[in-house]
Amino acid sequence: DELAKNADLALYCAKQEGKGQYRFFEGEMDRRMRDWHEMEHDLREAMAQKQFVLHYQPIVELDGNRIVGFEALIRWTHPRRGSVSPAEFIPVAEEAGLINELGVWILDTACTMATAWPEDISVAVNISPLQFNSGSLPGIVAAALARSGLKADRLTLEITEGVFLNDTDQTMAVLDTIKASGVHFAMDDFGTGYSSLSYLRRFPFQRIKIDQSFVRGINDDPESLAIIRAVTTLCRDLGMATTAEGVESAAQADVLRHLGCGLAQGYHFGRPMPGDDTFALFAGHRRRLA
Ligand code: C2E
Ligand code: MG
Ligand code: MG
């Protein structure tokens, strides 16, 4: 029994890493699998007990550092695990089939939050590629807008190129339907993964987010600088705005501004914060950061 179980685990790991792979069983696989199932169990409980909250990170116009919106980022504090990173639990939620239900809550909560902000402030919500699989996403987005009363053009959906990997007519139909309703789209983490330029031609994003791994090297690594300069130029010519992610210093912001990058986000301007803390940024003449 144990041999069959272990062979099955090795098979599972091989499949997870793509086609044409083989794996020998290692004890580590067993432990990883148990951790995974435990996380899945805790996630189900977390949904029932409402252990999630959204935090909001400001997005600023580099020309003047004025806030134009916020990105909603999910936070999970588990009674025993403490705070768990979304990079760790979102993949588990995806595989456990929980991401659709979680995604509905995220969209509803973020849209409702945005209605409490000034009218020129928008909200960006991360959408998992799996949320495109069922075809129900346009209805879910429309319902979140209707329930909250948020205007469609104040909502941006951030998607990664994973959405295009299982590129079907259905995926394109879903994207087109949502776009036609007035909702904006941003391509997240651009420059990592396959970064096929054909996506940019097939689907007109309003924004491209340059991954933080390039921004990190901008002041001392000529390759990162060259890539950011090229992406910024490309986006300008395509009529798309660029957002630099992970801006942590004034020096990085200066270079990005100089390159003509329009928007930025990062610890230099503001960390993700609880919804209640966002209001202080609009008080008086604030709205400018850094
Ligand atoms: P992302 O959408 O690319 O989000 C940007 C990540 O960079 C966030 O990590 C943010 O906290 C972090 N960050 C922002 N500024 C800086 C900076 O200056 N320096 C550094 N080092 N990091 C910075 P976070 O919140 O841990 O989220 C990680 C990823 O998890 C997100 O990447 C996104 O892919 C996913 N995620 C987060 N919230 C959600 C959600 O509500 N739904 C879905 N489907 N995915 C989410
Ligand atoms: Mg994002
Ligand atoms: Mg990103």
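Visitor: Where does ligand 1 sit?
Guide: This is a predicted model, with local features given at pLDDT of at least 70, side-chain atom pairs at pLDDT 80 or more, and totals for chains, interfaces and linings from all residues. Residues are numbered from 1 along each chain, chains are lettered from A and ligands numbered from 1 as written, and side-chain values use heavy atoms, without hydrogens or water. On a 1 Å grid, a pocket is an open set of points for a 1.4 Å probe with protein on both sides within 12 Å along at least five of seven lines, and a molecule sits there if more than half of its atoms lie within 2 Å of the points. By that test, ligand 1 sits in the largest pocket.

Visitor: Which element gives the most to the shell around ligand 1?
Guide: Strand E2 (66–78), helix H3 (86–95) and strand E6 (184–190) each give two or more residues to this shell; helices have at least four residues and strands at least two, as DSSP runs. With four residues, the element that gives the most is E2.

Visitor: How many residues surround ligand 1?
Guide: Residues count here if a heavy atom lies within 4 Å of the ligand. Arg75, Asn126, Gln212, Glu248 and Tyr267 are the closest. The total surrounding ligand 1 is 21.

Visitor: What share of ligand 1 does the protein bury?
Guide: Start with its polar contacts, pairs of N or O atoms within 3.5 Å: side-chain atoms of aspartate 188 and glutamate 245 lie 2.9 Å and 3.2 Å from oxygen atoms of ligand 1, and one of glutamate 248 lies 2.5 Å from a nitrogen atom. Taken alone, ligand 1 exposes 790 Å² (Shrake-Rupley, 1.4 Å probe). Of that, the protein buries 83%.

Visitor: Which residue coordinates both the magnesium ion (ligand 3) and the magnesium ion (ligand 2)?
Guide: Donors are N, O and S atoms within 2.8 Å of the metal (3.2 Å for Na, K and Ca), and sites may look incomplete because water is left out. Ligand 3 is coordinated by Asp188, Asp189 and Glu245, at 2.0 to 2.4 Å. Glu71, Asn126, Glu158 and Asp188 are the protein donors of ligand 2, at 2.0 to 2.2 Å. The ions are 4.2 Å apart, and the residue that coordinates both is aspartate 188.

Visitor: How many residues apart in sequence are the parts tied together by glutamate 158 and aspartate 188?
Guide: The donor residues of the magnesium ion (ligand 2) follow the spacing E-x54-N-x31-E-x29-D. Glutamate 158 lies in strand E5 (residues 155–159) and aspartate 188 in strand E6, so the separation of the parts they tie together, in residues, is 30.

Technical notes
Polar contact = N/O pair within 3.5 Å; in protein donor to acceptor, adjacent residues only side chain to side chain. 1 Å grid on protein atoms, 1.4 Å probe; cavity = no way out; pocket = protein on both sides within 12 Å on 5 of 7 lines; lining within 4 Å.
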